[in-house]
Amino acid sequence: MSDYSSHIGILGGGIAGLTAGCTLLEKGFKTVIFERSKQLNEHGAGISISPNAIRILDKLNIKDKFIDSSFSPEKIIFHYKNNKVGFIEGNQEFVTSTRQNLLQILYNKYIQLGGEVLFNHDYLGLDQNKVELSFSNNQRYIVKHILGCDGIKSPIREEFFPNSGDPVYSGYHAWRAIGKGDLVDGKFYLGKGKHIVIYPANSEGKISMTAVVKNKNSAKDSWRAMGTKAEMLDDFKAFDEDTFSMIDSSEEIYKWGIYIRPPLKSLYIKNITLLGDAAHPMVPFLGQGGCMAIEDGYAFGMLASKYQGDFKTIQKQYESLRLKRTTKMQARSLLQGKIYHFQNPIIIFFRNLFLRFSIAKFAMAKIWNYDINKEIKKLDQD
Ligand SMILES: Cc1cc2nc3c(=O)[nH]c(=O)nc-3n(C[C@H](O)[C@H](O)[C@H](O)COP(=O)(O)OP(=O)(O)OC[C@H]3O[C@@H](n4cnc5c(N)ncnc54)[C@H](O)[C@@H]3O)c2cc1C
C-alpha cells in the first residue's frame with residue numbers, strides 16, 4: 001500500500017482529469033492521476049474548443065500552444081442538400097483541433113508542473129472509509145480526496161452513485177476520421193436524420209470529419225469500432241460523395257456508438273467528486289462535452305484553493321457552480337441533434353432561415369460567453 005494521503009487522487013487522465021490536475025498543481029495541491037491505459041493515446045478524432053474553455057487554457061498558460069498547433073476556422077458554413085444556407089463568422093477563440101493534441105498539451109503542462117501520472121492503473125475498488133483505492137495491477141493507494149474523471153462508463157460512479165443510471169445508447173452513431181485536405185472553414189452538411197461536420201484540425205492540412213446518423217438499432221454493442229469508408233458512404237447515400245474527399249481508404253475510420261446517462265442529482269458523495277463525462281456525458285452536437293470537462297477541472301481546482309482544502313465546502317460550491325450548467329448542456333445538446341436532423345420540410349425551411357440570418361450565433365453566445373472566474377467570484381455574494 002502506498003501512502004499518498006497528502007495527494008488528491010484523480011481517477012482518469014482524460015480532459016477533465018488533466019485540467020483538474022494542472023489547476024490543482026498551480027494552486028499548490030499535490031495530485032496523482034491513475035490512468036487505465038498504458039500511455040497517453042487517442043483514436044483519430046477531432047475536437048472543437050469554444051471560447052468558454054479557451055479562456056481557461058489561457059489561465060493555465062497553454063492557450064497559445066493550443067491555438068498555434070490547431071486552427072481557427074474563418075467561417076462555419078451550414079449546407080442543406082449541398083446548398084449553402086448560412087454561416088457564422090469565425091472567432092479567434094473558437095478553435096478546432098484533435099483530441100490527441102489537446103491531451104498532449106494538457107499532459108505536458110501537468111508534468112511540467114511536477115504532476116505524477118500512474119499509467120496501467122485500472123480502477124478496481126475503493127474503501128471509502130480509509131480513502132484507499134485499489135487497482136487491477138494489485139496496487140493500493142491511500143489518498144486525501146478522489147476526483148472521478150474516468151469518463152462516461154465511470155466505474156466509480158457505478159459503484160458509489162448506485163441509482164444514477166447506466167450508460168444508454170442515445171440513438172445516434174458517429175463516423176469519425178482524420179483526413180487530409182485544404183480547408184479554411186468549418187462545414188456542416190445537414191440532412192434528414194443525418195449530419196456531417198468537417199473542419200481543419202491544424203494549419204498543415206489535417207482535417208477532422210464526424211458524420212452522425214440517427215439509428216435506433218445500430219451500435220448498441222459497439223462503443224467504438226474500426227469501420228471502412230465504404231460502410232460509412234453506405235450510411236450517407238443521399239449526400240454528395242465529394243463531401244468525404246478528405247478521407248481516402250488508407251485513413252482509420254471509427255464508428256462510435258454515442259451513449260448518454262441521465263443527469264445526476266448530486267455531483268459528490270462523501271470523499272468522491274465527479275467531473276467531466278463521469279458526471280454528465282452528453283451527445284456531442286453542441287461540441288461542449290470536452291469544454292465542460294475543462295470547466296469542471298478548472299472549477300474544482302480554483303475552489304480547492306479558494307476554500308483552502310476544506311473539501312465539504314469545495315464540493316458544495318462545486319455542485320452549485322456546475323450542476324445547473326452541465327444539466328442544461330446535456331438537454332441543449334440533445335435538442336441540437338433534433339434540430340440538425342429535422343425531417344419535416346416546413347420545419348426544415350424555418351430551421352434553414354434561422355441559419356441564414358446567423359441566429360445560431362446568438363444561441364451559442366450564452367454558452368461561449370460564460371466566464372467561470374466571474375461565476376466563482378459571484379459565489380461570495382450568494
Ligand atoms: C463523436 C464525438 C464528438 C465530440 N466532439 C466534441 C467537441 O467537438 N468538443 C467538445 O468539447 N467535446 C466533444 N466531445 C465530447 C468529449 O470528447 C468528451 O466530453 C470528453 O472527452 C470528456 O472528457 P473526460 O476527461 O471527462 O472523459 P474521457 O475523455 O473519456 O477520459 C476518461 C479517462 O479515464 C480513463 N479511465 C476510464 N476508466 C478507467 C478506470 N477504470 N481506471 C482508470 N482510468 C480510467 C480513460 O482511459 C480516459 O483516459 C465529442 C464526443 C464524441 C463522442
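In strand S10, the bridge partner of Gly9 is Ile146. This pair offers a convenient way into the predicted model, since Gly9 also stands opposite Val32 in strand S2. Gly9 thus has a named partner in S10 and another in S2. The pairing of S1 (residues 2–11) with S2 (residues 30–34) is parallel and extends over 5 bridges. Strand S1 also runs parallel to S10 (residues 140–148), to which it is joined by 7 bridges. Another pair in this ladder is Ser2, whose bridge partner in S10 is Tyr141.

Following S10 leads to two further strands. Strand S18 (residues 272–274) runs parallel to S10, and 3 bridges join the two. Here Leu147 has Thr273 of S18 as its bridge partner. Strand S9 (residues 132–135), in contrast, pairs with S10 in the antiparallel sense, again through 3 bridges. In that pairing, Ser134 stands opposite Arg140 of S10. The hairpin of S9 and S10 has 4 residues between its strands, and Asn138 in this hairpin adopts a positive phi near 70 degrees.

A second hairpin is built from strands S4 and S5. Strand S4 (residues 75–80) and strand S5 (residues 83–89) run antiparallel and are joined by 6 bridges. Lys75 is found opposite Glu89 of S5. This hairpin has 2 residues between the strands, and Lys81 takes a positive phi near 50 degrees.

Turning to the helices, it helps to recall that two packed helices are described by the angle between their axes and the distance between the axes. Helix H1 (residues 15–26) packs against helix H7 (residues 289–306) at an angle of about 30 degrees, and their axes are 8 Å apart. Because angles under 35 degrees count as roughly parallel, H1 is described as roughly parallel to H7. The crossing by which H1 passes H7 is right-handed. On the H1 side, the contact is made by Ile15, Ala16, Thr19, Ala20, Thr23 and Leu24. These residues meet Gly290, Ala293, Ile294, Asp296, Gly297, Tyr298, Phe300, Gly301, Met302 and Ala304 in H7. By class, the contact of H1 with H7 comprises 10 nonpolar, 5 polar and 1 charged residues.

Helix H1 packs with helix H4 (residues 99–112) as well. The axes of H1 and H4 come within 9 Å and cross at roughly 30 degrees, which makes H1 roughly parallel to H4 too. The handedness of this crossing is left-handed, whereas H1 passes H7 in a right-handed crossing. In the contact with H4, the H1 residues are Ile15, Leu18, Thr19, Gly21, Cys22 and Leu25. Their counterparts in H4 are Leu102, Leu103, Leu106, Tyr107, Lys109 and Tyr110. The classes in this contact are 9 nonpolar, 2 polar and 1 charged residues. Ile15 and Thr19 take part in the contact with H7 and also in the contact with H4.

Helix H7 has a further neighbour in helix H2 (residues 51–59). Their axes lie 9 Å apart, at an angle of about 40 degrees, which makes H2 oblique to H7. Helix H2 passes H7 in a left-handed crossing. From H2, Asn52, Ala53 and Ile56 meet Cys291, Ile294, Glu295 and Tyr298 in H7. By class, this contact consists of 5 nonpolar, 1 polar and 1 charged residues. Ile294 and Tyr298 of H7 meet residues of H2, and both also belong to the contact with H1.

Several of these elements return around the ligand. The ligand is surrounded by 35 residues, of which Gly12, Gly14, Gly151, Gly276 and Gly289 are the closest. The elements that give two or more residues to this shell are H1, strand S3 (46–49), strand S11 (168–180), strand S16 (253–260) and H7. The most is given by H7, with 4 residues. Divided by class, the shell holds 15 nonpolar, 14 polar and 6 charged residues. Helices H1 and H7 therefore appear in two settings: they pack against each other at about 30 degrees, roughly parallel, and they are among the elements that give two or more residues to the shell around the ligand.

Conventions. Residues numbered from 1 in each chain as written. Predicted model: local features only at pLDDT ≥ 70, side-chain atom pairs only at ≥ 80, totals over all residues. Axes fitted to C-alpha atoms, helices over the stretch in contact; angles between N-to-C directions. Parallel < 35°, antiparallel > 145°, perpendicular 65-115°, else oblique. Left-handed = near helix turned anticlockwise from the far one by under 90°. Contact = placed C-beta atoms within 7 Å. Nonpolar A, V, L, I, M, F, W, Y, C, P; charged D, E, K, R; others polar. Near = placed C-beta within 6 Å. Pairing = 2+ DSSP bridges.
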